[in-house]
Amino acid sequence: MASFSLSFLIFLLHFSSFLNNIMAAKHNHHHDHHHHINHNHSSPSTSNSSDSNPRLHQAFIALQAWKRVIYSDPNNFTSNWLGPSVCNYTGIYCAPSIDNPDIRVVAGIDLNHADIAGFLPDELGLLTDLALIHLNSNRFCGIVPSTFSNLSLLYELDLSNNRFVGPFPTVVLSLPTLNYLDIRFNDFEGPLPPKLFSKKLDAVFVNNNRFTSLNIPQTLTASTSASVLVFANNNYGKGKKFMIPPSIVNFANSLEELVLTNTNLSGCLPQEIGFLYKLKVFDVSFNQIVGPIPYSMAGLFHLEQLNLGHNMMGGAVPAGICELPNLANLTVSYNFFCEEDGVCLNLTSSRSKSKTKGVVFDDRRNCLPERRFQRSEKECSAALERPVDCEVDHGFGAGGGGGAAFAPVPAAVPLPSAPSLSPAHS
């Protein structure tokens, strides 16, 4: 075990150096695609040509195969993809190999915002030294090649804002070093595999696709390590209940952002949400959640943004929520809350910062008698007649911030469409 740990540590040190070399190349030679002037991404002491380097020769084969299936490149990113000197290609970054620092390899691809149309050929599986693939904001289509399974050093994969189709690309779950996965704003469809939740990923963005089910396992291992999970704007749970399971607590040691906007989420929020003590962003807006706000959420001292808007929740907005020390944005609008406790009464319902606490606070369209822009008495009375017991009706306790919890009738006020979550521009 000691020798294994030492070997793994050495690997991490080499890999860290590998990534730093890529980032340095990107920083020092950030490509301007309007000026294709000998982009040399390697040190002058090593050859950029594939003639004397078998790995660069493999890269030459792969990149030429890719160029043949690029059908539109209006900004001429690939116009200098000519000849064997692949380290001079725009968007291609070379670095010393992990296993032999004297050998240069293609370690990164960055074609973000290139507006290229085409697809990804199987030959990209020849680029076995890749650590980074950044392809966001293009017009790539088709499926993710199964040959990506050969990319055993891949650390970041960003395919966001393209036109990829097919089921979730399960090939990415076989990549041993993958840490960042961004496939949002595509046309992937079908279920999200449960294995996604056991994969050691730091950030997962799958929002704005056509996924139909989100199978969060009822049991999760304590080794889950994601800090950012964004599953918003997919059609999960259509025709069946989709709830956050108590096993979400297994993300407690890492999770900082959980975004489930517009995902057909129903039922009550489990108390375990309040045990995600590192949480900074929690957004479950535009769903069908019922019941009260879990009282445990008053312990989320790092929470900055809480959005429960456009659901069917009820009871009281607890003072403990409004008193959270880092809270900057609190949205509870378009629910059936009937009471606001303590300091919550001093927050001004506004889309600008409240003078009281510096919190952007929105509590419109509830059943709060002292507030403006609330639901009609008829709507609120109908809700009061249908109390919800989260422990009995939904399988686990969500005990809230006091007051009754409701399973209300649908709102008479038309709901605006849910917001989209655009990919980061890097």
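**Close-up 1. D362 and R364 pair up through their side chains in a salt bridge.** In this predicted model, the N to O distance for the pair is 2.8 Å. The two partners sit in different accessibility classes because D362, at a relative accessible area of 8%, counts as buried, while R364, at 22%, counts as partly exposed. The cut-off that matters here is 20%, since buried means under that value.

**Close-up 2. R371 reaches D363 in a salt bridge.** Here the closest N and O atoms are 3.0 Å apart. D363 is buried, with a relative accessible area of 0%. Elsewhere, R55, D99 and D129 are tied into one network by salt bridges that share partners.

**Close-up 3. R184 and D182 form a salt bridge between buried residues.** Their side chains meet at 2.9 Å, N to O. Zooming back out, the structure has 10 salt bridges in total.

**Close-up 4. The largest cavity holds about 60 Å³ of space.** Its lining takes in L196, F197, K199, L201, V204, T224, S225, A226, L229, F231 and F251. Sorted by class, that makes 8 nonpolar residues, 2 polar and 1 charged. The model has 2 cavities of 30 Å³ or more.

**Close-up 5. The second largest cavity has a lining of 9 nonpolar residues.** About 40 Å³ of space lies inside this second largest cavity. Around it are W66, I109, L124, L127, L130, I133, L135, F148 and L151, with no polar and no charged residues in the lining.

Technical notes. Residues numbered from 1 in each chain as written. Predicted model: local features only at pLDDT ≥ 70, side-chain atom pairs only at ≥ 80, totals over all residues. Heavy atoms only, no water. Salt bridge = Lys/Arg side-chain N within 4 Å of Asp/Glu carboxyl O. Buried < 20%, exposed > 50% of the residue type's maximum accessible area, 1.4 Å probe, protein only. 1 Å grid on protein atoms, 1.4 Å probe; cavity = no way out; pocket = protein on both sides within 12 Å on 5 of 7 lines; lining within 4 Å. Points joined across faces, edges and corners; volume = space filled by probe spheres on them. Nonpolar A, V, L, I, M, F, W, Y, C, P; charged D, E, K, R; others polar.
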